Amino acid sequence: MADVHSGTSGFVYEEIKYMTLNRPDLSVIVPVYNEENVIKSFTDHLLNVLNSINMTCNMSWEIVFVDDGSLDNTFEIIKTLAVSSEKISGVRFSRNFGKEAAMLAGLEHAEGRAVLMIDGDGQHPPEYIKQLVVPWQAGKADIVMAVKSERKSDSVWSRANAHLFNWFMEWATGMNMTGASDFQLLDRRVVQSILQMKERNRFFRGLSNWAGFRVVRVPFNVDDRMGGESKWSTLQLIRLAVTGITSFSARPLNLVMGLGACGLGVGFILLIQALWSWFIGIDVPGWTSLTIVILFFGSANLVAVGLVGIYLAKIFEEVKARPIYLVQETTRTLDSVKLDEDVE
Ligand code: UDP
Ligand code: MG
């Protein structure tokens, strides 16, 4: 237990503990960031579903909230929830470390024989949990993924975007992640494997895809948020995509690449203009070809250097080996202190 607060290193549960101690069957992990408006109603909904699953499938459960450095009252609400039920606990980060870090912390703090990841904003409807649990409980799956059905309400434009994105990801990573979401159930075996992956920069969807094991996919419809706003800016989404491919991004180097890309755009416009000047005859000898060569290849160089830089930054980050997140407090602090004392 002493290791609970210390990032990824050395955090390995012994199989034997699962036999002897009273672990829940299912741990539900909820990463939350500034969700004070929705967390209460989401939790009520989740509790209803979990209690009915407990009745029909005879499964014990726990809920682990990971507060990713919220600036509002989210953690206060989590504390109240934790007081109301010993099956609910919460971990609070010292600042916002991002959803990937929150999910990892959840995996490290969860004790269940299976772990379920679910968003705290209601977009992953808790009603589907039963469908995710059943194949696992029947021993037919180690990973049960909820796969987003295409939203009919989405515009043709955004669907085309999604297709392009998926095609690009598959081309770049060799993994088909169409409809992939973080709404997944993982068997303890898979959780242990993921916890053994030491990389700092994580892309949960990719990791669980990479891990293999027996996967079952369950389609689900993404609900609208229960309130608040999506915490992902377009820039964050682009960055997540880059992480998915290179498992890293570094701002200055991205900037270099961005500049290169802009240069390339300007170069292209100038190229057309230069060709046009040449075509209508107002041509300074040699200028056309020179412009094309300098601008085109200059910017292409910048893009290439930026790209190499991204991989270099990734190595730099891994070598520094900083913890992926820092914990400010947990609702279980008192308990674990007691436990540690007992051990000594
Ligand atoms: N989230 C988080 N850290 C962040 C951003 C989001 O823990 O830095 C949580 C958020 O509270 C929610 C889930 O991750 O429970 C999904 O976030 P969001 O709804 O903003 O993303 P989207 O649904 O647009 O992918
Ligand atoms: Mg959401």
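The following paragraphs lead through a predicted model of a single chain, from its overall make-up to its strands, its magnesium site and a few individual residues.

The chain holds twelve helices and eight strands, and buried residues account for 44% of its 344 residues. Among contacts between residues at least 6 apart in sequence, 81% join residues at least 24 apart. The mean pLDDT of the chain is 78, with 76% of the residues reaching 70 or more. Confidence is not even along the chain, however: over residues 1-13 the pLDDT stays under 50, although the model has 33 contacts beyond four places in sequence for this stretch. Over residues 336-344 the pLDDT is likewise below 50, and beyond near neighbours in sequence that stretch has five contacts in the model.

A useful place to enter the fold is strand 3, which spans residues 88-93. Six of its six residues are buried, so strand 3 is largely enclosed by the rest of the structure. The cover extends to both faces, with I88, G90 and R92 buried on one side and S89, V91 and F93 buried on the other. Strand 2, made of residues 61-67, runs parallel to strand 3 and is joined to it by five bridges; within this pairing, D67 stands opposite R92. Between strand 2 and strand 3 the chain passes through helix 3 (residues 74-84), and the resulting β-α-β crossover is right-handed. Strand 3 is also joined by three bridges to strand 8 (residues 327-330), but here the two strands run antiparallel, and V91 stands opposite T330 of strand 8.

Strand 4, covering residues 114-117, can be read in a similar way. Both of its faces are covered, since A114 and L116 on one side are buried, as are V115 and M117 on the other. Four bridges pair strand 4 with strand 1 (residues 26-32) in the parallel sense, and in this pairing L116 is the bridge partner of V28. Strand 4 pairs with strand 6 as well, again over four bridges but in the antiparallel sense, with A114 standing opposite D187 of strand 6.

D187 leads on to helix 7, at the start of which a side-chain oxygen of D187 reaches to within 3.0 Å of the backbone nitrogen of R189. Helix 7 itself comprises residues 188-196, and its buried residues are R188, V190, V191, Q192, I194 and L195. In reading such a list, it helps to recall that an α-helix has 3.6 residues a turn, so residues three or four places apart point the same way.

Turning to the metal site, the magnesium ion (ligand 2) has as its protein donors D121, through OD, and Q123, through OE1, which lie 1.9 to 2.0 Å from the ion. Both D121 and Q123 are buried.

The loop between helix 6 (156-173) and strand 6 (184-187) contains S181, which counts as buried because its relative accessibility is 4%, below the 20% cut-off. The side chain of S181 takes part in two polar contacts with the backbone: it reaches the oxygen of A146 at 3.0 Å, and one of its polar atoms lies 3.1 Å from the nitrogen of F183. Leaving aside residues up to four places away in sequence, S181 touches H124, A146, K148, R205 and F220.

Two further residues show other degrees of exposure. N34, found in the loop between strand 1 and helix 2 (39-57), has a positive phi of about 50° although it is not a glycine. Its relative accessibility is 23%, and therefore N34 counts as partly exposed. I294, by contrast, lies in helix 11 (residues 287-320) and is exposed, with a relative accessible area of 56%. I294 and G267 are 27 residues apart in sequence, and their C-alpha atoms are 8.6 Å apart in space.

Key:
Residues numbered from 1 in each chain as written. Chains lettered and ligands numbered in written order. Predicted model: local features only at pLDDT ≥ 70, side-chain atom pairs only at ≥ 80, totals over all residues. Heavy atoms only, no water. Donors = N, O, S within 2.8 Å, 3.2 Å for Na, K, Ca; no water. Buried < 20%, exposed > 50% of the residue type's maximum accessible area, 1.4 Å probe, protein only. Pairing = 2+ DSSP bridges. Right-handed = clockwise from strand over helix to strand, strands pointing away. pLDDT = per-residue confidence, 0-100. Contact = heavy atoms within 4.5 Å. Polar contact = N/O pair within 3.5 Å; in protein donor to acceptor, adjacent residues only side chain to side chain.
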